[in-house]
Amino acid sequence: MLLTLLWRATFPSMQVTVSQRIHNLLCHLLSPWVPVVGLEIHAQISSNSKLFSGSQVQFAAPPNSLVSFFDASLPGTLPVLNRRCVEAAVMTGLALKCSINKKSLFDRKHYFYADLPAGYQITQQRVPIAVNGSLSYSLCMDSKMSQMVTKIVRIKQIQLEQDSGKSLHDDTRSQTLVDLNRAGVGLMEVVMEPDMCCGEEAAAAVRELQLILQTLGSSQAVMAEGQLRVDANVSVHRPGEPYGVRTEVKNINSLRFLAKAVDYEIRRQIEELENGGTILNETRAFDSRLGCTVPMRDKEGKQDYRFMPEPNLPPLILYDAKSLPANMNHQQVINIDWIHERLPDLPSVKREKLVEQYGILPEHSFTLLNEDGLAEFFESVVKQTQMKPKKVIGWILNDLLSYLKQYSLTVKESPVSSFLLADLLNLLEKKEISSTAAKQVLAELWKGEGKTPLEIVKEQKLELLQDQKELEQICQAVIDERENEVMAIKAGNRKVLNKLIGLVQRKTQGRSNPVLVKQLLEKKLSE
């Protein structure tokens, strides 16, 4: 409340409610504490088989139906590195402006857990496949997305590693069941430096990474299916002092939960320190029902993972155009330059092209790309309609998107295809219907009854009135009924004219062209 009053006192002319983003910004500016957030992101690689075995990768397969002898860690089995997983990691590293190590190493990370059959994980601790990159992401500073701020987070490294299996806890029977279908699936661990300061920044950075992975095809990155999992490292310290003790919030599987978990943990640590307490170096989990983090395990006695070189895998050697041996079989090596040449346009480039090609606002390009398939839907509508892209974007973002969110549907599940929406917008552009009628038609189309926009218009008699004499009579009737409003308009209050236009629209049941109505009213009022 104090921050809200401070904002209003500082900017009295801005009669707006203080948004959560502004509130968070003021909190950071006025707080005597500096929050620090770093992320470790595990992205499941899009591959038909696992990292070191030929077992199939498939979400929601029957438990323990996709487990090879190697995945189950039977004695005598050996790892065979999956080429596709290496290429995906190289591609991701290049997209994140990393240096690709031509020689990287595999290590064993030892720890015991029921869903890790071997008692160790094969990872890249000493020399990972990619290092020293960066990720640019953007934040909107107000609810209307009219102010965008671009930030950069450094990428420390990207490493290849195995996923573990999955433990399923049955509280009713007091049992824990283990499903090894996921054991050995290829992961890219993307380690971000502690360059962020709040939950919103963390969520924005992960969303941008998610879009990049999906664009590259290196990961489907669907968080609801566990294909992208985030660990957040959070600490607070006073300005000018060293970083404080950090906590790790594990396995966050939603952008919304990530933002909430980080912001809660920042508040919890500040409150604990201001009350004379201390922060424990511990692992915590986010309870989405309670909206808070809860302790999982203590980290004060640092676990000894007993890292050692993986004896069954040689160093991973990559090449570029200069280092590629002349007589080498191209099918047996990975050429970094070859992958770099085939990188698709990244989300940042796609946004620039949308703005340049269609003249839309930069913030609109962010919304188009943030919703899976929406940019393609928009471009398809533009190609099929006579309406200008700047007007089409309004119908896409304000009307179609609100319907999709209201019914929790994706763009691909929309009952209104790009063809139907383009057909509707063409009727509007040719002035055969009003915008009010167009919204009525869209509502009918949303029912998915198989009717075309034109059929709906004819059935419900939504065509614009073409008889100008009839429309003039209606305008005159409204003028005659509204003497006070007419006097106000003639006295110089032109805003009242909009009320008369609305009354004419009501009398015609939305079948009148507002532009024509305005012209007719102005003509009659000047007589």
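In which hand does H7 pass H8, right or left? Keep that in mind while we look at the whole chain, which comes to us as a predicted model.

The chain has 527 residues, and 47% of them are buried. Its secondary structure consists of 17 helices and 16 strands. Measured out along the principal axes, the C-alpha trace spans about 95 × 60 × 60 Å. Among contacts with a separation of 6 or more, 67% are between residues 24 or more positions apart.

Now back to the opening question. H7 crosses H8 in a right-handed sense. The two helices pack with their axes 9 Å apart, at an angle of about 125°. Angles between 115 and 145 degrees fall in the oblique class, and H7 and H8 are therefore oblique to each other. On the H7 side, the residues that meet H8 are Pro347, Lys350, Arg351, Leu354 and Val355. Their partners in H8 are Pro362, Ser365, Phe366, Leu368 and Leu369. Sorted by class, this contact has seven nonpolar residues, one polar and two charged.

Stay with H8 for a moment, and find glutamate 363, which belongs to this helix (residues 362-370). Is glutamate 363 buried or exposed? Its relative accessibility is 13%, so glutamate 363 counts as buried, given that the cut-off for buried is under 20%. Follow the space around glutamate 363 and you will come to methionine 148, with a C-alpha to C-alpha distance of 7.1 Å. In sequence, the two residues are 215 positions apart.

H7 also leads us to the aromatic rings. The structure holds eight aromatic pairs. In one of them, tyrosine 358 and phenylalanine 378, the ring centres are 5.2 Å apart and the planes stand at 80°, so the pair is edge-to-face. Tyrosine 358 sits in H7 (residues 347-358) and phenylalanine 378 in H9 (residues 374-384), so the pair ties together parts that are 20 residues apart in sequence. Both tyrosine 358 and phenylalanine 378 are buried. Elsewhere, Phe52, Phe70 and Phe106 come together in one aromatic cluster.

Let us turn to another helix pair, H3 (residues 83-95) and H4 (residues 199-216). Their axes come within 10 Å and cross at roughly 130°. H3 and H4 are therefore oblique to each other, and their crossing is right-handed. Met91, Thr92 and Ala95 are the H3 residues that meet Ile212, Leu213 and Leu216 of H4. This contact is made up of five nonpolar residues and one polar, with no charged residue.

Further along the chain, H11 (residues 418-429) and H12 also have axes that come within 10 Å, here crossing at roughly 160°. What does that angle make of the pair? The class of roughly antiparallel begins over 145 degrees, and H11 and H12 are therefore roughly antiparallel to each other. H11 passes H12 in a right-handed crossing. H11 brings Leu420, Leu421, Leu424 and Leu428 to the contact, while H12 brings Ser435, Ala438, Val441, Leu442 and Leu445. Of the residues in this contact, eight are nonpolar, one is polar and none is charged.

H12 turns up again when we reach H16 (residues 497-507). Which residues of H16 are buried? They are Leu497, Leu500, Ile501, Leu503, Val504 and Gln505. These buried residues pack against H12 (435-445), H14 (468-481), H15 (483-490) and H17 (514-526). After H16 comes glutamine 509, whose phi is positive, near 55°.

Two further residues with positive phi are worth a visit. Asparagine 132, a residue other than glycine, has a phi near 55°. Asparagine 132 lies in strand S6 (residues 130-140), and its relative accessible area is 58%, so it is exposed. Serine 408, not a glycine either, has a positive phi of about 55°. Serine 408 is in the loop between H10 (389-406) and H11. With a relative accessible area of 65%, serine 408 is exposed.

Methods. Residues numbered from 1 in each chain as written. Predicted model: local features only at pLDDT ≥ 70, side-chain atom pairs only at ≥ 80, totals over all residues. Heavy atoms only, no water. Axes fitted to C-alpha atoms, helices over the stretch in contact; angles between N-to-C directions. Helix = DSSP H or I, 4+ residues; strand = E, 2+ residues; numbered from the N terminus. Parallel < 35°, antiparallel > 145°, perpendicular 65-115°, else oblique. Left-handed = near helix turned anticlockwise from the far one by under 90°. Contact = heavy atoms within 4.5 Å. Nonpolar A, V, L, I, M, F, W, Y, C, P; charged D, E, K, R; others polar. Phe/Tyr/Trp six-rings, centres within 6.5 Å; stacked < 30°, edge-to-face > 60°. Buried < 20%, exposed > 50% of the residue type's maximum accessible area, 1.4 Å probe, protein only.
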